[in-house]
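Ready to poke around in a protein? Grab a pencil and work through the exercises below, one step at a time.

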Amino acid sequence: MGVVLCRCNSIIDSKLDFNHLSEKMANEKNVHSVIQVDMACSPQGKKAIEELAAIEDVDRLVVAACSPLAKGAVFEGYAREFNLPGQHIEIVNLREQCAWVHDGGDAVEKALILLKMGLKRVIKAKDVGQWQVNHAYINKIKCDKCKRCIEECPNKAIQLGDDGYPAVAPKVCQRCGVCVGGCPLGVISLPDFRLEEISAMMAPVASAKSPAIVGFFCDYTYGEADLMGQIGSGYSPNLYIIKVPCTGAVNMIMVNDAIAEGIDGIIVAGCDSSQCQLRKGNELARYRIANAQKGLEEQFLERERLSYVALGEGLVEPSIINHQKCAGCGLCRQVCPYGAIKMVEDGKFEVNGKACRGCGTCVSSCRSGAIDLPYCTDEKIITAMKILLAS
């Protein structure tokens, strides 16, 4: 293991004692080297990381820097260039979700826990060829053919194969992880999201100050947590956030592992009703959590230890079809990724407001210019451009 501590151009030096972090991480089992860089995303930082990756005894890296949503693609590119499997490099968010939201000893203590969580995950990582395998994969040796993944996949990417086992269609799979969260045996994984890795991250959290809370945040809510750091709005240092592709990817096996480790509570944070960009992931997450809460009560534990939190982003204004302009070609129905456009009895096409996500795919595809988004009309875009040019 190699550990890279990025100081983000020295802008978080006042919050984190990097020498202390280096000393502590150097004493961790399996850690070969710990280096500090001023900017991991700079050419100089890249060179330092490349030299660390070239050391014979180092084949996995933990890079503690800014949010993976900000620089994740950069470090994935590093992994490709250094011939490291994508799963063998883990990004720990020490800026937005640590240094920018906590002060003093809280920030340092949380940084150590986050680093240990990253270590645990990358140690458990399995090389499944991320650069070649870009979809969910099923361990058929352990699969019992229950077919739940086939029933729950929102994109119909899993079908029954000739051998009687579920088979994933690589070109259809959206890597939402709903199948991962629903598998009762935990035998489905994504290349960068495996239950074994996530469960391994629970032990360091259990050693933190009580009450220790694990948060499973989807990409959208993870970005909102980053935003809290950017605007300087703090939250409890006892919350340790793990990014998941969708709340539907949270398997109750991970929840049970967290409870077994002694973690006090689990928060699953996702989208509001009907707003999941991966279709029905949030609905399935709520259903599974409700069942798991009953199980907690049977163990004489409070059901509040496990909660789903939805961001109140409100409903998106759906697309509107101008029937006077509509040519009735039906292209909008074909391209809508959420199946929100249907043909009604009179042969016209209508938008289901509850299913529409406001993505605008239908708007950009309509050859007749018959579809508009209320919050993003042509007039509003042109007006905004005029204001920009005038300034």
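## Exercise 1: The largest pocket

Helix H3 gives the largest share of the lining of the largest pocket, six residues. Helices (H or I, at least four residues) and strands (E, at least two) are DSSP runs, numbered from the N terminus. Before you go on: this is a predicted model, where local features need pLDDT of at least 70, side-chain atom pairs count only at pLDDT 80 or more, and totals for chains, interfaces and linings use all residues. Residues are numbered from 1 along each chain as its sequence is written, and side-chain values use heavy atoms, with hydrogens and water left out.

**Task.** Describe the lining of the largest pocket: which residues lie nearest its centre, and how does the lining divide into nonpolar, polar and charged?

**Solution.**
1. Start with the residues: 38 of them line the pocket, and Pro68, Glu90, Arg121, Asp192 and Lys243 lie nearest its centre. (A pocket is an open set of points on a 1 Å grid over the protein atoms alone, where a 1.4 Å probe fits, with protein on both sides within 12 Å along at least five of seven lines; lining residues have an atom within 4 Å of a point.)
2. Next, find the elements that give two or more residues to this lining: helices H3 (68-81), H5 (104-124) and H10 (219-230), plus strands S4 (89-93) and S10 (239-243).
3. Now sort the lining: 21 residues are nonpolar, eight polar and nine charged. (Ala, Val, Leu, Ile, Met, Phe, Trp, Tyr, Cys and Pro count as nonpolar, Asp, Glu, Lys and Arg as charged, and the others, Gly among them, as polar.)

## Exercise 2: Two residues in helices

**Task.** Is Gln97 buried or exposed, and what does Met228 touch?

**Solution.**
1. Locate Gln97: look in helix H4 (residues 95-99).
2. Check its relative accessible area: at 4%, Gln97 is buried. (Buried means under 20%, exposed over 50%, partly exposed in between, using a 1.4 Å probe and protein chains only.)
3. Look at its contacts (heavy atoms within 4.5 Å): beyond four places in sequence, Gln97 touches residues including His102, Tyr222 and Ile241.
4. Move to Met228, which sits in helix H10 and is partly exposed at 29%.
5. Leaving aside neighbours within four places in sequence, Met228 touches Val101, Ser233, Gly234 and Tyr235.
6. Finally, compare positions: Met228 and Glu96 are 132 residues apart along the chain, yet their C-alpha atoms are separated by 7.7 Å.
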